[in-house]
Amino acid sequence: MCLILFAYEIHPVHRLVFAANRDEFYDRPTRPARFWKSDPSILAGKDLKGGGTWMGVARPGRLAAVTNFREPGNQKTDALSRGSLVLDFLKQEGSPRKYLEKVRSQARRFNGFNLLAGDGQSLCHYSNRGGDIRNIEPGIHGLSNHLLDTPWPKTERGTRMLAKTMSNPDRVKPEHLFAILADDTKPPDDQLPHTGVSLEWERILSPLFVSSEFYGTRSSTVLLWDRDGTVQFAERTFHSAAGTKCEAETFEFRLEMTSSSPSGRPGLSPYRPFA
């Protein structure tokens, strides 16, 4: 992913509200989200070049997503695929923190990344470009191609719009989240970050929804994880610039019971209003 906006433990209906855009070259082969034949518990898209995924959820109540850390002058050609980090977590049973501790021990084998990993009890973040493993606190968060909650214009704009949506205690509508992800507003040049790419590319990459001739937002994903263990997963896939040639899929299912879930029920935890 290149942009993740999420609200965690602040809504009476949804434990987690997650909205994300994946930006990539249009010619990179990709399979839209589906339940994998090799592991039917996993719902995710697939990077057909690297073999992993950028974001996914598993029926036992596990979710993971990765973003690249933008550092064009520091890329290893022999690095492992960052998409494997998401897939490996979805296949395992341990806690998010325990998994991220394992990832941390192998962090040098990957180019820069941010990894979110969560289950029915916790949501954690780790980046191999700064900071320790972090337990995510209740609130609204933004993550792009720098560290979690870095105040880039796109993450600040996205979290403001998400906060407005979350102010309504009723069920969140996926179309409202897709509208946020489709925002193509470009900030002025003096607000752009300096990440080592040209000013032209900083401009192209600055909106929530990215569009150019060869590179842009390839998919938008919305996930609603309800307190009763229901998950709604919706994805829109784009095959060319400006959001044209779009295909859409929606999946809804109940998480499976696991002995490690709070109160023996999947994906549940007490609702704590966030002040």
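Me: Which word fits cysteine 2, buried or exposed?
Reply: The relative accessible area of cysteine 2 comes to 5%. A residue counts as buried under 20% relative accessible area, as exposed over 50%, and as partly exposed in between, with a 1.4 Å probe and protein chains only. At 5%, cysteine 2 is therefore buried.

Me: What kind of model is this?
Reply: Residues are numbered from 1 along each chain as its sequence is written, and side-chain values use heavy atoms, with hydrogens and water left out. Local features need pLDDT of at least 70 and side-chain atom pairs count only at pLDDT 80 or more, while totals for chains, interfaces and linings use all residues, since the model is predicted.

Me: Over which residues does pLDDT stay under 50?
Reply: The predictor's confidence in each residue, pLDDT, runs from 0 to 100, and the chain has a mean of 92, with 91% of its residues at 70 or more. Where pLDDT is low, the predicted coordinates should not be read in detail. That caution applies to a stretch for which the model has 38 contacts (heavy atoms within 4.5 Å) beyond four places in sequence, and where pLDDT stays under 50: residues 259-275.

Me: How many disulfides does the structure hold?
Reply: A disulfide is a pair of cysteine sulfur atoms within 2.5 Å, and the structure holds 0 of them. Cysteine 2 is in no disulfide, its nearest cysteine sulfur being that of cysteine 246. The two sulfurs lie 18 Å apart, which is too far for a bond, and cysteine 246 is partly exposed, with a relative accessible area of 42%. The number of disulfides is thus 0.

Me: How many salt bridges are there?
Reply: Side chains of opposite charge can pair when their charged atoms come close. A salt bridge is taken here as a side-chain nitrogen of Lys or Arg within 4 Å of a carboxyl oxygen of Asp or Glu. By this rule the count is 12.

Me: Which residue forms a salt bridge with aspartate 47?
Reply: The closest N and O atoms of aspartate 47 and its partner, arginine 28, are 2.7 Å apart. Aspartate 47 belongs to strand β4 (residues 42-47) and arginine 28 to the loop between β2 (14-25) and β3 (30-35), so that the pair links distant parts of the chain, 19 residues apart; helices (H or I, at least four residues) and strands (E, at least two) are DSSP runs, numbered from the N terminus. Aspartate 47 is buried at 8%, whereas its partner counts as partly exposed at 23%: arginine 28.

Me: How many residues apart in sequence are the parts tied together by arginine 70 and glutamate 202?
Reply: Arginine 70 and glutamate 202 form a salt bridge, with their closest N and O atoms 3.2 Å apart. Arginine 70 lies in the loop between β6 (62-68) and α1 (83-91), and glutamate 202 in helix α5 (residues 199-205), so the separation of the parts, in residues, is 132.

Me: Which strands are the edge strands of the open sheet of 6 strands?
Reply: The order in this sheet is β10-β1-β2-β11-β12-β13, and the pairing is antiparallel, where two strands pair if DSSP finds at least two bridges between them. Each edge strand pairs on one side only, and the two are β10 (139-143) and β13 (246-254).

Me: At about what angle does α4 run to β11?
Reply: Axes are lines fitted to C-alpha atoms, for helices over the stretch in contact, and angles run from 0 to 180 degrees between N-to-C directions. Helix α4 lies across β1, β2, β11 and β12 (230-238), and its angle to β11 is about 150°.

Me: How many of the 6 residues of strand β7 are buried?
Reply: In a regular strand the side chains alternate between the two faces of the sheet. In β7 (residues 113-118) both faces are covered, with Phe113, Leu115 and Ala117 on one side and Asn114, Leu116 and Gly118 on the other. The number of buried residues in β7 is 6.

Me: Which strand forms a hairpin with β7?
Reply: Strand β7 is joined to β6 by 6 bridges in an antiparallel arrangement, with alanine 65 opposite leucine 116. Strand β7 also pairs in the antiparallel sense over 5 bridges with β8 (residues 123-127), where leucine 115 stands opposite tyrosine 126. With 4 residues between the two strands, the hairpin partner of β7 is β8.
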